[in-house]
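Please look through the structure below at your own pace, keeping the sequence beside it. The paragraphs that follow lead from one part to the next.

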Amino acid sequence: MILNTKIALTGGAAAAEALRQINPDVMPVYPITPQTPIIETFAKFVADGEADTEMIEVESEHSAMSAAIGASAAGVRAMTASSSQGIMLMAEMLPIASGMRLPILMFVSARAISAPINIHCDHQDVMAVRDAGWIQLFCENAQEVYDNAFIALKLAESVRLPAMVIMDGFITSHSVENLEILEKSAARNFIGEYEPKNFLLDFENPKTFGPVSLPNSYFEFKRRQVEAMDKVIGKYLEICGNYKEICGREYNLFEAYKLDDAEKAIVVAGSTAGTAKVAVDELREQGEKVGLLKMKLFRPFPYAAVGEALKNVKKIAVLDRTVSFGSDAPLFSEIKNSLYQIPDTKYQIQSCIYGLGGREIFKEDIRKIFQDDWNGKEIKYIGLK
Amino acid sequence: MNNDLTEKFAPGHSTCAGCGIPAIVRTVLGATSDPIVVVSVTGCLEVTSTLYPYSAWKVPFIHSAFENGGATAAGIATAVKALRKKNKIPDKKRVQVVVFAGDGGTYDIGLQSLSGALEREHDFLYVCYDNEAYMNTGGQRSGATPFGADTETTPAGKNSFGKTEKRKDLMSIVIAHHPRYAAQANVAFLPDLKMKAKRAFETEGPRFLLVLQPCTNLWKYPTSEYVRIGKLATETNFWPLWEYIDGRYKINWATEKPKLLEEFLKTQGRFKHLFKPGGEKVIVEMQKEVEENWKKLVNLAEI
């Protein structure tokens, strides 16, 4: 029987609520807007005895990830949260966490990166580290932030890779929304006790973590990491299935919204999917065959499933909340790759860049993308003045 | 090799002939019977002891990056606390988290991480083996390189006498964090190092050891000479042996008549340019600095 509770929380508080139920062993934390409410809310839980996590208020994000690596290697559940410049500062440590196969969980409140400095939402921070060997899961709203915390943790521990749960800075992290939370025992049972395979504090079987690897072995290490990443999609679907049993909600690699018979589709990740759904609903009422593909799992990227879902769509607009200088925008590039795998499809695909540095995107902008005539030859900048 | 010495660090490492780092590691780790986790940062020790698929470490060991010895130790020491709460580590069983890092990883790139870990009062021992330059990359100047030294990035030449800045006073920086224990030691004085390591292991909270480690490659002397040259560093007061215990300073070795710094300098290729015409002024300045530092230390020790 599902005994869930409905409450209203911001995305950041939803992350903290999930953390309260997970009760991680160690959390090194460092403040940065718009992530800070996550660690502040959680610190209050610890202060009130609602979680007994050991928090370390480190002196930088580089140290946050270094301490998380130390703790995770030691054999405990280690988690943190960050944004923007924090992600950039810890960028050195992210491939080390994945290379050492440590299932660290990190919430990211996605934000623009400098220069010029800007504290508002876009996806440049998480996209800059998309090849760091981390699992990346995008969230549309507070409910998904909460749910993905459990899914990502279980997934990370099952394949021994670190995972990021990504919410849109301010838009999701600071907006109050209704969501359902699990009963604590159901949440605890779902994640179970952590049993590390190899760990540093195993004094009977001392291990060396982070050795020097020369050209005769390094390549094999990386190949094994690829193999671990290859297992993620299957494991993710299995875990989503198990999670549905306790939460009642369906989770998939992505959300296909009114896509079955769609002639035109938008592909987007994050909170803008919510706006896009309203636009789709309105256009559907007017008889237009439009749909939406909302990305969830971005790393590893589910090429085959995405290609399959989009293969009958004639016109596809891919919305990236980031820019890739001198290259295709990341989500656009992945969607093109997905479709390239499908033989004999005839489609037009358009790259749209929107919302950098927190620039608003409205329902009307999305309707316009659906209705405009475009040929995909040039990038469209939505909302650019 | 002696079984006691190799109990925690095996002989199969690849440090250079005449390198004192293994002696530092063995002396420090030999001073406790508690379970140990070793953290090392990128540098000579890490690259010469963990060449996959081999490891010289018979105790748990982790290396993750260059500038994060303090933070890595913080994560491990905190994991120990978390496991103790869950009764996964018995209450009475002390776990020693020991960092070994070079001067580059400590004075320079790792200073912030060390500072944070000291300030947060984690239960760990940080040992800096100080060979006074970036030796894993082949001898570039660091914040630990003494004034007047010839290095790959501060070469002596027609218009240069080597490094033009004084060495960073790392001990004062560490002590400004009010650690539980801090000491300056020298690989050429192993019983003194052992005594300090023992005291450090018996103390809880943040502890720090700065150990001079003459490097044959940078300092340029015959590999058989490292103990003699290390001794000269202390006998000239270039590298005094002292401790900081609960706010008090204690000098561990002193002589009525310290040798002239020249005695130390002339044994090493990195200072040989100072013995050519024009170098005298630099030596005078170096001697003055040594005397001033010694006076300061003596004054502190008398407080």
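**A walk through the model**

Chain B has a mean pLDDT of 96, and 99% of its residues reach 70 or more; pLDDT is the predictor's confidence in each residue, on a scale from 0 to 100. What you see is a predicted model, and as a whole it scores ipTM 0.97 and pTM 0.97.

A good place to begin is where the two chains meet. Here 35 residues of chain B are in contact with 37 residues of chain A. On the side of chain B that touches chain A, the elements that give two or more residues are strand 2 (61–63), helix 3 (69–85) and helix 5 (111–119) of chain B. The largest share of that side comes from helix 3 of chain B, which supplies 13 residues. Sorted by class, the side of chain B that touches chain A consists of 19 nonpolar, twelve polar and four charged residues.

Strand 2 of chain B also takes part in a pairing between the chains, since it runs in the parallel sense with strand 9 of chain A (residues 208–209), and two bridges join this pair. If you wish to find one of these partners in the picture, look for Thr208(A), whose bridge partner in strand 2 of chain B is Phe61(B).

Next, turn to a pair of helices that both belong to chain A. The axes of helix 12 (residues 303–310) and helix 13 (residues 330–340) of chain A come within 8 Å and cross at roughly 75 degrees. Angles of 65 to 115 degrees count as roughly perpendicular, and helix 12 of chain A and helix 13 of chain A are therefore described as roughly perpendicular to each other. Where they meet, helix 12 of chain A brings Tyr303(A), Val306(A), Gly307(A) and Leu310(A), while helix 13 of chain A brings Ile335(A), Asn337(A), Ser338(A) and Leu339(A). By class, this contact has five nonpolar, three polar and no charged residues.

Finally, return to chain B and consider a single residue, Met171(B), which is placed in helix 6 (residues 170–175) of chain B. Is Met171(B) buried, exposed or partly exposed? A residue needs 20 or more C-beta neighbours within 10 Å to be buried, and 12 or fewer to be exposed; Met171(B) has 19 inside 10 Å, and so counts as partly exposed. Leaving aside its neighbours within four places in sequence, Met171(B) is in contact with Ala182(B), Gln184(B) and Leu210(B). Between the C-alpha atoms of Met171(B) and Tyr107(B) there are 9.9 Å, although these two residues are 64 residues apart along the chain.

Terms used: Residues numbered from 1 in each chain as written. Chains lettered and ligands numbered in written order. Predicted model: local features only at pLDDT ≥ 70, side-chain atom pairs only at ≥ 80, totals over all residues. Helix = DSSP H or I, 4+ residues; strand = E, 2+ residues; numbered from the N terminus. Contact = placed C-beta atoms within 7 Å. Nonpolar A, V, L, I, M, F, W, Y, C, P; charged D, E, K, R; others polar. Pairing = 2+ DSSP bridges. Axes fitted to C-alpha atoms, helices over the stretch in contact; angles between N-to-C directions. Parallel < 35°, antiparallel > 145°, perpendicular 65-115°, else oblique.
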